[in-house]
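Please look over the sequence and the coordinates together before reading on. The paragraphs below start from a single residue and then widen the view to the whole chain.

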Amino acid sequence: MRAGRLSAGPGLTGMSFLRHRDTRRAQRHADRLTPVPSDQVSGVMSLCAMEPVCAVSLVQQMQRWNRWGRGDVVALGGLAQPVAAAWSVGSLMPFGLAGRPEHGLRAADAGEIRALAEHCRPRLSRHGSVCGPARDVTAIWGALSEQGVRSRQERWKQPVLVAPRPAGGLSVGHRPRHSSLSWVGQAVRRAHPSETEMVLPASVDMFVGELGYDPTTDGSGYRRHVGWLIEQRRSYVVLDDGAGGPVQPGSPRAVAFKADVGALWHSSPTGGVAQLTGVWTRPDLRGRGVGAAALAGVVDAVRRDHVGADGVVSLYVNDYNAPAMALYRSLGFEQVGLFATVLL
């Protein structure tokens, strides 16, 4: 390529032109986006408090890390009273872009949306995603598409569900389909770090079934994530004898069911919000009532261990997953919002 093809004026070389262009872009974005330092998150937290159940994923990312790189978290509309915010490291988690008129919050304008898309596009990774409230994902996805970002799969209807709060706990009100399953709810407990190698295959099987590829092929990151959840006492399991019965002295042990607290906000306006992820029942036990009995026990355990009796236990699910939807409805889960996930 000839040098003249990159020149932009007398004395401006190709490389300096690119630096000049990037500088102008950064200056333009500075008017639209504000990097959020890890010690100045109060404005973003107030924004998320408008919808704590739907914003808990973004809050989780900010609370998990003591600090992050410049631009990993950005706010639109300023630090003190942002109209929207996003986490953009590998994946993009936006919140607020579509506006919340019921809270007096305006939508991000076209320039802000474009600036966010330009900022996030080079930060998105292979096997990343754009995930969050469906209206916010919709608001940003068009701009990302215009910049050449392509999807592997788009899931636009993922109901956000919350568990009921029956007196005495969800397990008390749930009767297992068969009396032989009465042990399942009582067997729910937090996984121990020594059981990581037992839990990991179940987590991988869940991930492959949900997202279509083995996360361990991307390196050790997923294994570390599973280990972190267990170390934080946020991974719940039911172990059986490998044949659908309770573990007996000397019998084999296998993971029959697992679920994780993927996102957690202790001090939300509701008193505590937990978002369950990685819900999995071993294939040979599906359709037998094990999942319902175990999940009821997990909901009670998460309230006991993490968010309190009045806290919110939530999850989101693909609307086309009829068995899962039926399971959650049978336990009294109710829809409070709608998520969307674009897989990259």
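In this predicted model, Ser203 has a relative accessibility of 2% and therefore counts as buried, since the cut-off for that class is under 20%. Ser203 belongs to helix H8, and, when residues up to four places away in sequence are set aside, its contacts are with Tyr222, Val226 and Lys258.

Val204 is also part of helix H8, which covers residues 196-211. With a relative accessible area of 14%, Val204 is buried as well. Leaving out residues up to four places away in sequence, Val204 touches Asp214, Pro215, Thr216 and Tyr222, so that Tyr222 appears among the contacts of Val204 and among those of Ser203, under the cut-off of heavy atoms within 4.5 Å. As a distance for orientation, the C-alpha atom of Val204 is separated by 22 Å from that of Asp319, a residue 115 positions apart from Val204 along the chain.

Another helix to examine is H3, which spans residues 52-64 and carries a kink of about 40 degrees centred on Leu58. Because 11 of the 13 residues of H3 are buried, this helix is largely enclosed by the rest of the structure. Leu58, at the centre of the kink, is one of these buried residues, and the list also includes Pro52, Val53, Gln60, Gln61 and Met62.

Turning to the chain as a whole, the model contains 11 helices and 12 strands. Of its 344 residues, 49% count as buried, and the chain exposes about 16400 Å², of which carbon and sulfur atoms supply 51%. Among the contacts with a separation of 6 or more, 73% are accounted for by residues 24 or more positions apart.

The overall dimensions can be described in two ways. The C-alpha atoms fill a box of roughly 85 × 45 × 35 Å along the principal axes. The radius of gyration of the chain is 23 Å, which agrees with the value near 20 Å for a compact globule with 344 residues.

Finally, how confident is the predictor, as expressed by the mean pLDDT of the chain? The mean pLDDT is 90, and 91% of the residues reach 70 or more. Residues 1-12 call for separate reading, as pLDDT stays under 50 over this stretch, for which the model has seven contacts beyond four places in sequence.

Key:
Residues are numbered from 1 along each chain as its sequence is written. This is a predicted model: local features need pLDDT of at least 70, side-chain atom pairs count only at pLDDT 80 or more; totals for chains, interfaces and linings use all residues. Side-chain values use heavy atoms; hydrogens and water are left out. pLDDT is the predictor's confidence in each residue, from 0 to 100. The bend at a residue is the angle between axes fitted to the seven residues ending there and the seven starting there. Helices (H or I, at least four residues) and strands (E, at least two) are DSSP runs, numbered from the N terminus. Buried means under 20% relative accessible area, exposed over 50%, partly exposed in between (1.4 Å probe, protein chains only). The radius of gyration is taken over C-alpha atoms; the globule rule is 2.2 Å times the number of residues to the power 0.38. Accessible areas come from the Shrake-Rupley method with a 1.4 Å probe; for residues, only the protein chains shown count as cover.
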